[in-house]
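Hi,

Here is the structure I said I would pass on. Have a look at it first, and my notes on the charged pairs and one histidine follow below.

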Amino acid sequence: MPFGGGNKCGCCQKTVYFAEEIVCEGKSFHKSCFLCMVCKKNLDSTTVAVHVDEIYCKSCYGKKYGPKGYGFGGGAGTLSMDRGESLGIKHDEPSQHRPTNNPNASKFAQMSGSSDVCPRCGKSVYAAEKVVGGGNAWHKSCFRCAKCGKGLESTTLADKDGEIYCKACYAKNFGPKGFGFGQGAGALAHAQ
């Protein structure tokens, strides 16, 4: 223990006295300094995740250092549009889809004749990219809510007049209006 009564805080480098000390990974912190480096939430022994000399809440740690890709997110049923830019994560922008300009289309494409046309983009839908919903064949990338753009599954959509919607947008735009409908228990919605 250094002269002066306490160890140095791993965050602010000031003296930490016993009454306000939190020890993590052999380092001392003030209770007020024991915060996530990104979102500044208070941490404790069950919510802290350490990376080298940095402390994070488990959520921010997972976004910054956890696995990436389909199936890894904020938990079951969670939709998050946060792509981690605040954590310093950089993403490559996907390149635009460009159809082939090869005049000799594959024999499979010639045989199948692909009579399905995507109602969203008007282009042919082939078996490898086909999703059926609302009585039509769609490209996987076009199979999204017409209002909010949320990706859909055949079990999570509602269709109206040839367009597809997530259940929330459908209810908001085409469902019943007035007292007792729409926004949850006890909510009053003002229909226009």
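Let me start with lysine 27, which is partly exposed at a relative accessible area of 32%. Bear in mind while reading that this is a predicted model.

The side chain of lysine 27 meets that of aspartate 53 in a salt bridge, with N to O at 3.1 Å. Lysine 27 sits in strand β4 (residues 27–30) and aspartate 53 in the loop between β5 (48–51) and β6 (54–57), so this pair ties together parts that are 26 residues apart in sequence. Aspartate 53 is exposed, because its relative accessible area of 56% is over the 50% cut-off.

How many salt bridges are there by this rule? The count is three, so here are the other two.

Next up is the pair of lysine 130 and aspartate 116, whose closest N and O atoms are 2.8 Å apart. Lysine 130 belongs to strand β7 (residues 130–133), while aspartate 116 is in the loop between α2 (107–112) and β7, so the salt bridge links parts 14 residues apart in sequence. Both ends are partly exposed: lysine 130 has a relative accessible area of 36%, and aspartate 116 has 26%.

Then there is arginine 120, which forms a salt bridge with glutamate 163; the closest N and O atoms here are 2.3 Å apart. Arginine 120 is also in the loop between α2 and β7, and glutamate 163 is in strand β10 (residues 163–166), so this pair ties together parts that are 43 residues apart in sequence. Arginine 120 counts as partly exposed at 31% relative accessibility, and so does glutamate 163 at 24%.

Now for the histidine. Is histidine 139 buried or exposed? It is buried, because its relative accessible area of 8% falls under the 20% cut-off. You will find histidine 139 in strand β8 (residues 136–139).

What does the side chain of histidine 139 reach? It gets to the backbone oxygen of serine 124, at 2.8 Å. Leaving aside residues up to four places away in sequence, histidine 139 touches Cys118, Cys121, Lys123, Ser124, Val125 and Glu129. Serine 124 therefore turns up twice for this histidine: as the residue whose backbone oxygen is reached, and in the list of contacts.

That's what I have for now. Shout if anything is unclear.

Cheers

Note on methods: Residues numbered from 1 in each chain as written. Predicted model: local features only at pLDDT ≥ 70, side-chain atom pairs only at ≥ 80, totals over all residues. Heavy atoms only, no water. Salt bridge = Lys/Arg side-chain N within 4 Å of Asp/Glu carboxyl O. Helix = DSSP H or I, 4+ residues; strand = E, 2+ residues; numbered from the N terminus. Buried < 20%, exposed > 50% of the residue type's maximum accessible area, 1.4 Å probe, protein only. Polar contact = N/O pair within 3.5 Å; in protein donor to acceptor, adjacent residues only side chain to side chain. Contact = heavy atoms within 4.5 Å.
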